[in-house]
Amino acid sequence: MSLPDRKEAEVRRLLEGPHPPVPAELAAQAAELGLRLLRRRQAARRLMWLVILAATVAFTVWAARVHPWTAPPSTVAPPVDGF
């Protein structure tokens with residue numbers, strides 16, 4: 001018997017045999033774990049949006065105070081006054 005045939009026969013034997021008992025509280029534990037994971041993902045998503053919002057506000061305040069889009073004053077020649 002080749003290796004794949006032996007594995008297939010073993011799987012068929014396991015599936016046809018008596019099934020092990022499943023604990024009664026398994027479904028409740030699985031549902032509780034799923035809800036915990038869902039709450040954790042929602043909290044992470046809210047935290048991500050809060051960080052994005054804070055970064056946007058910080059950038060807006062910085063840009064309003066510094067005006068990075070304007071050219072810096074020239075330091076090559078002094079300004080000419082009195083003409």
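Rings of Phe, Tyr and Trp, the last represented by its six-membered ring, are taken as a pair if their centres lie within 6.5 Å, and a pair whose planes are neither under 30 degrees nor over 60 degrees apart counts as tilted. By this rule the structure, which is a predicted model, has one aromatic pair. The rings of F59 and W62 have their centres 5.8 Å apart and their planes at 40°, so this pair is tilted. Both residues belong to helix 2, where they are three residues apart and thus separated by about one helical turn. In an α-helix there are 3.6 residues a turn, so residues three or four places apart point the same way. F59 counts as exposed, with 52% relative accessibility, while W62 is partly exposed, with a relative accessible area of 43%.

**The chain as a whole**

The chain has two helices and zero strands. Its C-alpha atoms fill a box of roughly 105 × 40 × 10 Å when this is taken along the principal axes. For a compact globule of 83 residues a radius of gyration near 12 Å would be expected, but the chain has 34 Å. Of the 83 residues, 1% count as buried, and the chain exposes about 8,200 Å², of which carbon and sulfur atoms supply 67%.

**Helix 2 and the segment after it**

Helix 2 covers residues 26–66. At 1.5 Å a residue, its 41 residues should span 60 Å, and the end C-alpha atoms are 59 Å apart, which agrees with that expectation. What value does phi of H67 take just after helix 2? The angle is about 55° and positive, in a residue other than glycine. Most residues other than glycine have a negative phi. H67 itself, found in the segment after helix 2, counts as partly exposed at 37% relative accessibility.

**Salt bridges**

How many salt bridges does the structure hold? There are two, and they are set side by side below.

| Salt bridge | Closest N to O distance |
|---|---|
| R12 with E8 | 3.0 Å |
| R36 with E32 | 3.2 Å |

R12 and E8 are four residues apart in helix 1, which covers residues 3–16, so they are separated by about one helical turn. E8 has 40% relative accessibility and therefore counts as partly exposed. R36 and E32 both lie in helix 2, where they are likewise four residues apart, about one turn of the helix. On the accessibility of this second pair, R36 is partly exposed at 33%, and E32 is also partly exposed, with a relative accessible area of 48%.

**A nonpolar patch on the surface**

Which residues make the nonpolar surface patch of about 560 Å²? The patch is made by L47, L50, V51, L53, V57 and V61. One of them, L53, is found in helix 2. Is L53 buried or exposed? Its relative accessible area is 52%, and because a residue counts as exposed when this value is over 50%, L53 is exposed.

Taken together, these features describe a chain with two helices and zero strands, in which 1% of the residues count as buried. Helix 2 carries the tilted ring pair of F59 and W62 as well as the salt bridge between R36 and E32, while the salt bridge of R12 and E8 belongs to helix 1.

Definitions and conventions: Residues are numbered from 1 along each chain as its sequence is written. This is a predicted model: local features need pLDDT of at least 70, side-chain atom pairs count only at pLDDT 80 or more; totals for chains, interfaces and linings use all residues. Side-chain values use heavy atoms; hydrogens and water are left out. Patches are made of residues with over 30% relative accessible area and no salt bridge: like charges are joined within 9 Å, nonpolar side chains (Val, Leu, Ile, Met, Phe, Trp, Tyr) within 5 Å. Accessible areas come from the Shrake-Rupley method with a 1.4 Å probe; for residues, only the protein chains shown count as cover. A salt bridge is a side-chain nitrogen of Lys or Arg within 4 Å of a carboxyl oxygen of Asp or Glu. Buried means under 20% relative accessible area, exposed over 50%, partly exposed in between (1.4 Å probe, protein chains only). The expected span of a helix is 1.5 Å times one less than its number of residues. The radius of gyration is taken over C-alpha atoms; the globule rule is 2.2 Å times the number of residues to the power 0.38.
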